[in-house]
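Thank you all for making time this morning. I would like to walk you through one structure, going slowly for anyone who has not seen it before.

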Amino acid sequence: MSAKIISGTQIAEQIRNEIKAEVSVMKERHGVVPGLVTILVGENPASVSYVKAKQAVAHKLGFNSIQDSQPEDISEDQLLALIEKYNQDPLVHGILVQLPLPRHIDEGKVLYAINPGKDVDGFHPVNVGKMVIGEPCFLPCTPYGILEMLIRSGVETSGAEVVVVGRSNIVGKPIANLLFQKREGGNATVTICHTRTRDMASHTLKADILIVAAGHPRVITADMVKEGAVVIDVGINRIGKTPEGKAILCGDVDFDGVKEKASAITPVPGGVGPMTITMLMKNTVQAAKQALSL
Ligand SMILES: NC(=O)c1ccc[n+]([C@@H]2O[C@H](COP(=O)([O-])OP(=O)(O)OC[C@H]3O[C@@H](n4cnc5c(N)ncnc54)[C@H](OP(=O)(O)O)[C@@H]3O)[C@@H](O)[C@H]2O)c1
């Protein structure tokens, strides 16, 4: 039987409607709307399109959305000074610096420079540390989105065997961490696989929930998935272009084969992607509320 499709587009729409309602209350009662600045350095086409998408959603939700584009050759000191300017700006509640940055800029220094209270991407080590010990903080947007998808789709994580493929700082490590915590959408038993894992299928075949963030097209095939598993495909791979020049995308999971074995699966596009942007907006609303002491 074909798997149920977990639509990130639909769940994201639900959350965006909730955010819209919160923004209008905030505006009415406090005369404030959430402010989000996205800083883009250079013109990497993927980064340009990500930043555009984030700004478009922020604008739609009624945020004060500022797009700050800087030239490729901006110095590290100039970028740090720009971040400090936004750290001090009371109308800006969230600061996002689009990664990757040009090689002459130290990404670590830039992430440390953002005020943790405005770090709506959840990458500042203060937020990462708070996440690990289970304190309130800004969760990184992709793992936060995966968590919301699981919760809102009624997937039981408590006691489940979860396998995460990938151990990056932005997806693999944080989602693994969140899933084993004592919290809603947590309490799972988690295994993490990476390129040094021996016999990956022996792990993935045990997964009740399989989360794949490897960054390679269709590395997970049907023979690696347990019958009835829930499969979350984080991968976004550009595998070609349509005659109109639009990118053709696929995930890290062989969707057509795996959907015949899984009980539920996320598509690419329309799965984790829309959730990531939405959770950035949720974090920005949270930052604005904190600034207003709400
Ligand atoms: N939907 C979204 O919103 C969203 C957000 C972020 C990322 N993504 C996508 O998710 C994917 C992963 O992103 P990322 O930033 O986490 O990537 P990354 O930094 O390249 O990390 C990939 C991880 O996967 C592991 N890996 C790669 N190939 C593997 C294989 N064949 N078997 C087992 N492990 C393997 C790597 O292991 P090692 O550590 O051993 O190298 C690494 O830990 C990408 O396609 C990216 O575009 C999507």
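**A hairpin, a ligand and a core**

Let me begin with a pair of strands, β9, which covers residues 237-241, and β10, which covers residues 247-250; the two run antiparallel and are joined by four bridges. Please keep in mind throughout that what you see is a predicted model. Within this pair, Asn237 has Cys250 of β10 as its bridge partner, while Gly240 is partnered with Ile248, also in β10. Between the two strands of the hairpin there are five residues, and Gly245 adopts a positive phi near 90°.

Now let us turn to the ligand. Which residues come nearest to the ligand, out of the 21 around it? They are Arg167, Ser168, Thr195, Ile236 and Thr276. Two of these also appear when we look at individual atoms: a polar atom in the side chain of Ser168 sits 2.5 Å from an oxygen atom of the ligand, and an N or O atom in the side chain of Thr276 is 2.7 Å from a ligand oxygen atom. The backbone takes part as well, since a polar backbone atom of Val234 lies 3.4 Å from a nitrogen atom of the ligand. Taken on its own, the ligand has 930 Å² of accessible area, and the protein covers 71% of that.

If we sort the shell around the ligand by class, we find 11 polar residues, nine nonpolar residues and one charged residue. As for where the shell comes from, its largest share, three residues, is supplied by helix α10, which spans residues 272-291.

That helix brings me to my last topic, the largest nonpolar core, which has 49 residues; among its members, Phe63, Ile146, Ile211, Ile232 and Met281 touch the most others. Several elements each give at least two residues to this core, including the helices α1 (8-30), α2 (45-60), α6 (141-152) and α7 (172-180), together with the strands β5 (161-165), β7 (209-212) and β8 (230-233). Which element gives the largest share of this core? It is α10, with nine residues, and α10 is also the helix that provides the largest share of the shell around the ligand.

Notes:
Residues numbered from 1 in each chain as written. Predicted model: local features only at pLDDT ≥ 70, side-chain atom pairs only at ≥ 80, totals over all residues. Heavy atoms only, no water. Near = heavy atom within 4 Å. Polar contact = N/O pair within 3.5 Å; in protein donor to acceptor, adjacent residues only side chain to side chain. Areas by Shrake-Rupley, 256 points an atom, 1.4 Å probe, with all protein chains shown as cover. Nonpolar A, V, L, I, M, F, W, Y, C, P; charged D, E, K, R; others polar. Pairing = 2+ DSSP bridges. Core = buried A, V, L, I, M, F, W, Y, C linked by side-chain atoms within 4.5 Å. Buried < 20%, exposed > 50% of the residue type's maximum accessible area, 1.4 Å probe, protein only.
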